[in-house]
Structures are given as C-alpha cells and as structure tokens.
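Thanks for asking me to look this one over. Here are my notes, in a few short points.

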Amino acid sequence: MSTTDGPTLIPDDASAQEIADREARMRRRKGWFPGLSDKWNALPRQTQWLILIVVVVIAYLLPILNPPLITTEPGNNWQIALAQMSVYALVAVGLNVVVGYAGLLDLGYVAFFALGSYTAAMFTSPDSPYVHIPYLWTLPLAMAVAMFFGVVLGVPTLRLRGDYLAIVTLGFGEIVRILATIIPAMKGQVGFQNVGHPPGTDSSGQTIFQNSNGTPWYWLTLTIIILVLLAAGNLERSRVGRAWIAIREDEDAAEIMGVPTFKYKVWAFAIGASVGGLSGALFAGQVGFVNNQKFDIATSILFVAAVVMGGTGNKVGAILGGALVAYIPLRFTAIAEFKYLIFGAALVVIMIFRPGGLLPARQSLLAYGRLAYNKLKGALGDIPASGKVVLEPGKGADK
Amino acid sequence: MTLLELKNISVHYGRIQAISDMSFSVEEGEIVSLIGANGAGKTTTMRTISGLLAPSAGSITFAGQDITRMKAHIRVVQGISQAPEGRGIFPGMTVEENLDMGSYGRKDRTKVAEDLERVFDLFPRLKERIKQFGGTMSGGEQQMLAIGRALMSNPKLLLLDEPSMGLAPQFIRQIFKIVTEINNQGTTVLLVEQNANQALARAHRAFVLETGSITHRGTGKELLANPAVKEAYLGVG
C-alpha cells in the first residue's frame, strides 16, 4: 500500500449522487419568484415575443402613464427620474459584461462613464474651446474613447486576478477623477455648462431634448438599451460568450481548453467600457452639465451594487438593478441621504437570501441558451421518480 | 520518436525555486509517470508543460518544435492537453458543455463528434449524466469528465495531474485502467501521481521527483523494484 495520504473514502457513490441530484433540484426551486425563469423558458416562442412587446410598450409609455405609488413625484420629476434610471440601467448592462460574464471585478467603472461624459461635454459645450460636433456624433465617439482607455487599462492590468484587479481598477477610477480636477482643459469643479443635445424642435418651435424634460431622453436611452441588449444577447450565445463563462468559472482550465483568456478578458473590458462611455455621454446630455463631482468612488461602487443586486451575469437583472439603484433615492427622498447605508444593508440581505441577485443567471443558460435548458429538462425527466440511479462502476473500464 | 523533451528546466515562484535544472523526455506512445511527495514539484512540472507557468531557464520541445515561450492555449492546438489537478471542471456547465469546451480550439466538427463518441465509449457514465452540472457530480465522475474533456482536443500528449486524488479505491483502479486504454488507442500519456504503486505499474518509464529535481529514473518495473523507491513511496522496506 502507499504510504502517502491514501485515497479518501467517499460515501457510497450511488447515495452521494442521489444527494447531489436532490440538491441540484432544490437549488433550482429556491427564490422569491420560484420557477419564474423556468416558466418563462417553457413558454412558446410567439408568446415570449408577445409578452416582450407588451413589456417594451409599457416601458415606453411609463413617462406618460406616471403610475401612482410608483411615481417619484412630488419629490422629483418623474420623467427626469426615468431618464436617470435608464442611464443607470445602461451602465449596469455594460458593467454586467465585465463583472457578470467574464467575472472581472471592475471597481473603477465610473472612469469610463466619466470619459463618456467628458467626451460629450468637451465636444459640444460652448464652455469648451475645442472643435464642436453635433451631440449625436459624440455618442459613438464616447464609446470609442472609453473603449480605447478600456484596452489601455486592460492590457497591463488583466494579467492580474481577483482582488489585485479590483484594487488596480479602483485606482484607475480615481485617476480619471483627479485628472479632471487638475488638468485645466477639463475645468475641474467649474465644469462644462450647456452640453449639447440631439437636434429637433416640436410644432411650437420648442427644443425637444430639453434638460428639464426627461421624456425624450428616456425614450432615447431606452431605445439604446434595447439595441445593446440585442447585441449582448448575441455575444452571450457566441463563442466569445462561452469563452467568458469558462474564464469566469475557472480561468486556468479555460486557458488549457484552448481559450485565449487574455484576449477575451481585454475584449470584455473594452466592450464593457464602451457601453460605460455611451451611458456617460447620455448622462451628460440629459443633465446638461459635467464637472468632476459626479465621478467618485461611491458611484463606482453603486454601479457594482446595481449589477450584484440585479443578478450578476443576467442582463435583465442588471437593468432591474441599475434602475432600482437610481430609483430608490429619487422615490424615497426622505431617506435619500442614507442611500449608501440602505444599499449596503440591502446588499447584505440579498446576499443572504438570494446570493445570485434578484434575477440570478443560470450559468449554463448563459452559455447555451434555450437549447441547453430544454435538453436539461428532458434529462431531469429521465431520472426515475425514486431518484435512484443504477451505477455500474466497472462498466467503462472493462470495455 | 521523442514527443516531448524538457531540457534543464528551472521554475521559480518569485524567488522560491520550485524546479531546478530538470531534464527528461517522453517518447511517442509511452505512459510516463512522475511520482513524488507533496511539494516535490509535480504539479509545477505539469503546469510548465501545459504553459500555465513560464520556466525561468531551460527549453521545452514538443514534436520537434520549441514551445518554451508558446502560450498555453496555442499548445492545446499543437496537441498538449491537460486534465488539471483537482479536476478543474467548469461547475456551472453541464457535462455536455464541459466536453464541448474541451474542443474549443478545434474547427473540424465531424472529427469532434467522433471524439465525443470515443469519450463516451471510455466513460459511459458521462453519457448517462450528460445534462448534469459538473459541480454536482461525484469526485470520480468529475475526474472522468476532466479526462474526457482533455481528450476532446484530440491531443498527442495527455497530461494527467493526480487523477487518483481523493477517489475511492475502486475508482482509482478504474481510472488507471482507462489511462492504459487511452494509451492503447495511441495517445501518449504523462502522469503525475502520489499513488506510486498504480502509477509505476502502469508506466513504461517513470521518474521520481524530490524537491524539484529527478532523483531516480527507469522503467516502471525497475522503480517498483528499487529499494530506495520502495521505502520512500511504496511503504515497503
């Protein structure tokens, strides 16, 4: 016999398997909305589209409906609140690519948001001495600038892992804010007034995209969110998406499966950054004013909180989380001062009762979509009702 | 023909030397075992060959090509595949998805389907559990999945890092039988083990690793009979 630590005896294999199966089934049932996503996936495709269309229509009608109880009025203008919620939702969708799909904890995401805001401001505000371009052109430009810096930050830092990456990105977030303070061209606290907006006037000659009118901004951002969601959905199901899931689950294993992990991590960073830049530009346009006060670490943490709260890795959850993070202090103005305290407590509670977030991602679904889900359902159905599985340990070897 | 050759390899973790001046080679078609105690540098050797660690000195040649500086994910395409220590399966993916990840770098889809059948022939249990999440399987099944997944890249050289770790005795025997079977089908196997008995009995050649260098080498049978190896690793003497 071997003198080194010998083989560990595991419980009888069949019974261990039975326990594992039962646990797996139980885990699937837990939650506040038991079986919600199961039910959703069981629906026929047409019904899903129908429901989606209804949801989207309701979403577009929200500023007009101004539903009682839900509305943020009289404390805050409901339309502007919606515009801000939608920007936060877009931020969360972008950050979800980085944190949720690829599993890279980015605590400096606000930097990309800031880069997008400053790009929009510096190319449209009359306070800026530089070239002026139409506001809508700053949206792709903001994406490109943020993406560029995403790569610049990613290439040296993505060799780091876990906590180290979190610390470096935290530092990057601060660097951008401090640069905005000390570089004269970025105007520190004075900032840029009258940031541009999309063109167009209504029948009475009034500008459509006014800072005081949230509705058009909300509609614009909502449309962009839908486009980004479609793109993110396609990415999820592609080879890139599968690589991200593998990296998140076990980076070394992914590498020795032939996944160029470094390249795909930089991609996740760059794509996430570009969405962050886009949302920053939208934010700057809606608010109409950009200075260095809005891009602190607390905002960065808030973004991460939005993703974690909504359900890391689930894009619908991210939208919910992002919107909630913006909504709560606007709706409950009395407690707005304590918003970080409340988010902290909410996160603790969520992590205890719902560790996957409000709408947790099923990892295999992320990787393979409906197909895998239906197969899985079929397989579970095949297991005999007693839960017993006949095992023949020697079967494979003797062949 | 020499498939893999390590020449004067040294590996450092920071300032700590894990492997010093190690040289050995693996011939095509062989099963070669590396045995040694905890901390001898077995896993470090494996990670250096698969490309997860970079050696601080020396060179690695694979199928006549210098791969010392080659990235791990490219080595997979070249034909080196590893079932990592502690199995390293993707817990949130099903058996099927795990196996699919194993063929990530490949484009020849019809060949992949054949390899999948081959893996299911070797491990019928994986076929039974095809929709199950990797993380909910027993240790033995996870090990089967790790080996099966490594085979999905159709490797020339299969690296197995402690396949018997934490397994019940009947599973250990089964895994080693399958390793021989895989070898008979034409895949060269480099095996790292603490379970010296099985590893030496199955190997064509073997090396004993102690604190980062090779101290004994020979055929599996020679080392099984070697008094020093017997005393230190086989519990006889």
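The points below go from how to read the model to its core and then to the strands.

1. This is a predicted model: local features need pLDDT of at least 70, side-chain atom pairs count only at pLDDT 80 or more, and totals for chains, interfaces and linings use all residues. Residues are numbered from 1 along each chain as its sequence is written, while chains are lettered from A and ligands numbered from 1 in the order in which they are written.

2. The largest nonpolar core (buried Ala, Val, Leu, Ile, Met, Phe, Trp, Tyr and Cys residues joined through C-beta atoms within 7 Å) has 176 residues. Buried means that 20 or more other C-beta atoms, placed from the backbone, lie within 10 Å of the residue's own. Among the residues with the most contacts inside this core are V93(A) and L191(B). Helix α4 (residues 78-101) of chain A gives the most to the core, with 18 residues; helices here are DSSP runs of H or I, at least four residues, and strands are runs of E, at least two, numbered from the N terminus.

3. In α8(A), the buried residues include I225(A), V228(A) and A232(A). V93(A) is in contact with these three residues, contact being C-beta atoms, placed from the backbone, within 7 Å.

4. In chain B, four strands form an open antiparallel sheet in the order β2-β1-β4-β5; strands pair if DSSP finds at least two bridges between them. β2 (16-27) and β5 (65-66) of chain B each have a single partner strand, so one side of each lacks a neighbour in the sheet.

5. Strands β9 (residues 205-210) and β10 (residues 213-219) of chain B pair in the antiparallel sense over six bridges. In their hairpin, T211(B) takes a positive phi near 35°.

Definitions and conventions. Buried ≥ 20, exposed ≤ 12 C-beta atoms within 10 Å, placed from the backbone. Contact = placed C-beta atoms within 7 Å. Lists of a residue's contacts leave out its neighbours within four places in sequence.
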